[in-house]
Amino acid sequence: MLKPSLVKELKNILGPANLFTSHEELVAYSYDATQKESLPWAVARPAAAQEVSDILVLANRELIPVVPRGAGTGMSGGSVPVHGGIVLSLERMNKILEIDGNDLLAVVEPGVVTGDFQREVEARGLLYPPDPASSRFCTMGGNVAECAGGLRAVKYGVTKDYVLGLEVVLPTGELIQTGARTAKSVAGYDLTRLIIGSEGTLGVVTKIIVRLLPLPETVRALSAFFPDIEGAARAVSGITASRIIPRALEFVDREALRAVENYLKEDISGGAAAMLLVEVDGPAPTTERELAQIEAVCRKAGAVRIARAETDSEREHIWKARRSISPALYTIKPKKMSEDIVVPRSRIPDILREITAIGQKYGLLIVNFGHAGDGNIHTNIMVDDADLPKAERAVKEIFEATLRLKGSISGEHGIGLSKAAYLPMEVGPAALAAMKRIKDALDPNHILNPGKIFLEKEATNR
Ligand code: 2HG
Ligand code: ZN
């Protein structure tokens, strides 16, 4: 609960309409896509960096937690206010400030919806490549906080590869500019990279300068269906072995296919056990040649059916099915533990074998899909409440297997609450201590997004 005097002070900063304190409003900002929830004491909706700064100064004075929030689509609990406090929703800071086709950059506020931004730049013949599966809802600020990856990372990289600079309010209230509007800049420590992926624990991003690319001349896609997951894995290796880098290379296993078919009430796969979705872009002769090569590789790997998307609407249809997997999985079980392990691409068959064995050992249904081209697999353990303890043990074993294969426990969703217990397994004590010293230096009172990334107690808060 906030003291009435603080409510008054916050209303003075924000204007009375932009501070929410009613129970219904607090519930609406209490959760993210992990289904974890915790009520904040208040929700602040600033319209400017100065308001963000004033709130952080007040929060430091009063030692109140502040939790930055985009659209709440996060997959690791990053925006869940586990210690209460103020949720700082950036939803009103939603302007595209500039799109510069000469310098190939854009400047946006954090609350801009990523998909809206992609459409705006595409209308000007430009491309913003990062493309999280939730692009219709997620925001650019949330993408920066988590260093979102998504569907096109295999060719184009992830959010950090497109951010040139940031405006950030530090936890203590100072406003800083990081990076520059240039293709290069090595002036001092790279604070841009430090803030990207820091999950709202080191600063509140109030402006983002991103790099753009020319829009590719053509985009072509196909789906390929396999009688087993091994065939799909062989095709993934075959495609990269033919020196083609598609802009998307996604795989979907049997359970995920069935879930999405039920959800969309449509037979997509004709009963296949695995599907690959492949998209290439570039000049027309190149994409035509690459598509034919990919078809040949898929056939050789055992594909039973290959369907080219001949029109833009067919292509959108394929991607709609892919983007629907995450919500569709809730038709199987009420809860899912969404992991986003990543292994060197060549180790995908090994990790899938290990995951199957772990699922069998614990009698758990584990669904796998995702960014095969990146080695980034969305391993979803489907559970009822009663399954949670054994699912937790299964997750630990999956992470151990991932690290043995020289992978990482999170490719794109971040550590947040879900993986805080496991971060030490990957980074070790010295790196963990260095990370904590950075946190202490920038946020001496630990008011900004407390309880995230670093474990506070033994339980994992899942
Ligand atoms: C995706 O690629 C998202 O669809 C969500 O990263 C993954 O639900 C998931 O596990
Ligand atoms: Zn993903």
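Where does Arg243 lie? The legends below, written for a predicted model, take up this residue and several other sites in turn.

**View 1. Arg243 in a loop between a helix and a strand.** Arg243 is found in the loop that runs between helix H8 (229-241) and strand S13 (248-253). Its phi is near 60°, a positive value in a residue other than glycine. Most residues other than glycine have a negative phi. Arg243 counts as exposed, at 70% relative accessibility, since the cut-off for this class is over 50%.

**View 2. Lys406, a residue with positive phi in the loop between H14 and H15.** Lys406 is not a glycine, yet its phi is positive, at about 65°. The residue belongs to the loop between H14 and H15. With a relative accessible area of 70%, Lys406 is exposed.

**View 3. The zinc ion (ligand 2) and its donors.** Three residues coordinate the zinc ion: His371 through NE2, His378 through NE2 and Glu412 through OE. The distances are 2.0 to 2.2 Å. Along the chain, the donors follow the spacing H-x6-H-x33-E. His371 and Glu412 link distant parts of the chain, being 41 residues apart. His371 is in strand S17 (residues 365-371), whereas Glu412 is in the loop between helix H14 (388-404) and helix H15 (423-442). Both His371 and Glu412 are buried.

**View 4. Packing of helix H13 against helix H14.** Two packed helices are described by the angle between their axes and the distance between the axes. Helix H13 (residues 348-362) packs with H14 at an angle of about 160°, and the axes are 10 Å apart. The two helices are therefore roughly antiparallel to each other. H13 passes H14 in a right-handed crossing. On the H13 side, the contact is made by Ile351, Glu354, Ile355, Ile358, Lys361 and Tyr362. On the H14 side, the residues met include Lys390, Arg393, Ala394, Glu397 and Ile398, and also Ala401, Thr402 and Arg404.

**View 5. Packing of helix H1 against helix H3.** The axes of helix H1 (residues 4-14) and helix H3 (residues 49-62) cross at roughly 165° and come within 9 Å. H1 and H3 are therefore roughly antiparallel to each other, and H1 passes H3 in a right-handed crossing. From H1, Leu6, Glu9, Leu10, Ile13 and Leu14 take part in the contact. They meet Glu51, Asp54, Ile55, Leu58, Arg61 and Glu62 in H3.

**View 6. The buried residues of helix H4.** In helix H4 (residues 114-122), the buried residues include Thr114, Gly115, Phe117, Gln118 and Val121. Seen down the axis of H4, the buried residues fall within an arc of 160°, so they line one face of the helix. An α-helix has 3.6 residues a turn, so residues three or four places apart point the same way. Several elements help to cover the buried residues of H4. Among them are the strands S5 (96-100), S6 (105-108), S7 (126-127) and S10 (204-211), together with helix H5 (140-146).

**View 7. Arg69 and its surroundings.** Arg69 lies in strand S3 (residues 66-69). Its relative accessible area is 7%, and Arg69 is therefore buried, the cut-off being under 20%. Not counting residues up to four places away in sequence, Arg69 touches Ala28, Tyr29, Tyr31 and Ser79, as well as Val87, Leu88, Ser89 and Leu90. Pro40 is 29 residues from Arg69 along the chain, and the C-alpha atoms of the two are separated by 12 Å.

**View 8. Ala71 in the loop after strand S3.** Ala71 is placed in the loop between S3 and strand S4 (86-89). The residue is partly exposed, with a relative accessible area of 35%. Residues up to four places away in sequence being left aside, Ala71 touches Phe137, Cys138 and Thr139. Ala71 and Ala153 are 82 residues apart in sequence, and 21 Å separates them in space, C-alpha to C-alpha.

**View 9. Lys265 in the loop between H9 and S14.** The loop that holds Lys265 runs between helix H9 (254-264) and strand S14 (274-282). Lys265 is exposed, with a relative accessible area of 72%. Between Lys265 and Leu329, the separation is 64 residues in sequence and 14 Å in space, C-alpha to C-alpha.

Notes:
Residues are numbered from 1 along each chain as its sequence is written. Chains are lettered from A and ligands numbered from 1 in the order in which they are written. This is a predicted model: local features need pLDDT of at least 70, side-chain atom pairs count only at pLDDT 80 or more; totals for chains, interfaces and linings use all residues. Side-chain values use heavy atoms; hydrogens and water are left out. Donors are N, O and S atoms within 2.8 Å of the metal (3.2 Å for Na, K and Ca); water is not among the atoms, so sites may look incomplete. Helices (H or I, at least four residues) and strands (E, at least two) are DSSP runs, numbered from the N terminus. Buried means under 20% relative accessible area, exposed over 50%, partly exposed in between (1.4 Å probe, protein chains only). The arc is that of the directions from the helix axis to the C-beta atoms. Contact means heavy atoms within 4.5 Å. Axes are lines fitted to C-alpha atoms, for helices over the stretch in contact, and angles run from 0 to 180 degrees between N-to-C directions. Angles under 35 degrees count as roughly parallel, over 145 as roughly antiparallel, 65 to 115 as roughly perpendicular and the rest as oblique. A crossing is left-handed if the near helix is turned anticlockwise from the far one by less than a right angle, and right-handed if clockwise.
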